[in-house]
Amino acid sequence: MQTKRITIIGLGLIGGSFGLALNKRNNKKHSFELVGYDLNIVSIRQAVSKGAVHWGTTGLKLAVEGSDLIILAVPVGQMKETVKNILPYLKKGCIIFDTGSTKEKPVQEISRLLPADIYFVGGHPMAGSERSGISGAHPYLFENAIFVITPGDNALPDILDPVVDLIELTGAKPKIMSPRIHDQAVAGVSHLPYLIAVNLVETVHELSQTIEDAPLLAAGGFRDTTRIAGGDAVMWRDIALSNQENLIRMIELFQEKLAQMTAYLKQGDGESLRQIFISAKKHREEIPITYKGVLPEMNELLVTIPDQPGMLALITGYLGQRGINIAEIEVLRVREHREGTIRLAFQRKDERDKAIAILKEQGLSVNWGHATHDQQQEL
């Protein structure tokens, strides 16, 4: 099957990044028209301006008519209703491909809705960002990330092939997996960490009610540990509810581990604590680092600059002239009439490394951004 027209429903972080990645590789060999649909006309305009889609519309019928492949980049809770709404306008042989974070329930529900000549393939990119919306979209979001494929019942090899081709065009690595196994795995490596991050932030907020300066100490590692808590609340609500059985099992297992550590603390059993810490360190080192993970990654650095007008503009100018895209900028602190520290974040490690070299050429002090104030490592 030759895919000529692709419609992306939902022009947020994932849908926008998918479009940007595909359009970057749109050529004579892989030639297709990218159509965008979103309820927000501002998002459509941004998506067209950024090059995520060739044109967009708020009309669902216009968006999907004649499309060979539909990418559902909407919250999990909206997928079933979205498929119902587009079904009357789809041509025979059309493939629906989703990018949701849970797979078993959507695959079952959507497959039941479809006639024999419309096909559904489940998908989940193991990459993300704490940023949301089309403004956070990036053509390299899926680069070197595992992209799980969970085929529906009628997804034969000739149906899977164009999906696999598109995924490979984004720079991701396709991996076919059963929906059930996928959901069990992500409950532990993605959904539970989000809940833990949320509870860490809420716990420190509770602490700040009695110790006002507690948040001032919650920088560096704490910000990195809780980065995922900055994600979209509605999206995460839908994810949690669509994978609740697996997630409850993970929470119960986590509570058992936490209760064990609590008991050791109460007993003053330092040796048992040390053994757990050694075991965790060992197991963490065994986690593959060849590919991106499902939790958002950010490559950061800290720049120390003199407290002078125009310094921020100079830094962004240095990097912009060399084609380096800055994903985030944050002013961490400024000592009046002396110096300040700025955090720069980049989507890709090679962009950060180039930025380090460029800024050091300009004589600026550059530190890597995962260290605390007292532990910053000079590069």
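**Aromatic pairs and salt bridges in a predicted model**

Modeller: This predicted model holds six aromatic pairs.

Biologist: Why is the pair of Phe 18 and Phe 97 called edge-to-face?

Modeller: The ring centres of Phe 18 and Phe 97 are 6.3 Å apart, which is within the 6.5 Å required of a pair, and their planes stand at 75 degrees, which is over the 60 degrees set for edge-to-face, so the pair takes that name.

Biologist: What makes this pair a tie between parts that are apart in sequence?

Modeller: Phe 18 belongs to helix α1 (residues 13–24) and Phe 97 to strand β5 (residues 95–98), so the pair ties together parts that are 79 residues apart in sequence. Both Phe 18 and Phe 97 are buried, and ring pairs link them with Phe 142 and Phe 147 into a cluster.

Biologist: How do you know that Asp 68 forms a salt bridge with Lys 91?

Modeller: Their closest N and O atoms are 2.6 Å apart, and the cut-off is 4 Å, so the pair counts as one of the 12 salt bridges in the structure. Asp 68 lies in the loop between α3 (60–64) and β4 (69–72), and Lys 91 in the loop between α4 (79–86) and β5, 23 residues apart.

Biologist: Why is Asp 68 called buried, and what is Lys 91 called?

Modeller: Asp 68 has a relative accessible area of 7%, and buried means under 20%, so Asp 68 is buried. Lys 91, at 35%, falls between 20% and 50%, and is therefore partly exposed.

Methods. Residues are numbered from 1 along each chain as its sequence is written. This is a predicted model: local features need pLDDT of at least 70, side-chain atom pairs count only at pLDDT 80 or more; totals for chains, interfaces and linings use all residues. Side-chain values use heavy atoms; hydrogens and water are left out. Rings of Phe, Tyr and Trp (its six-membered ring) pair if their centres lie within 6.5 Å; planes under 30 degrees apart count as stacked, over 60 as edge-to-face and the rest as tilted. Helices (H or I, at least four residues) and strands (E, at least two) are DSSP runs, numbered from the N terminus. Buried means under 20% relative accessible area, exposed over 50%, partly exposed in between (1.4 Å probe, protein chains only). A salt bridge is a side-chain nitrogen of Lys or Arg within 4 Å of a carboxyl oxygen of Asp or Glu.
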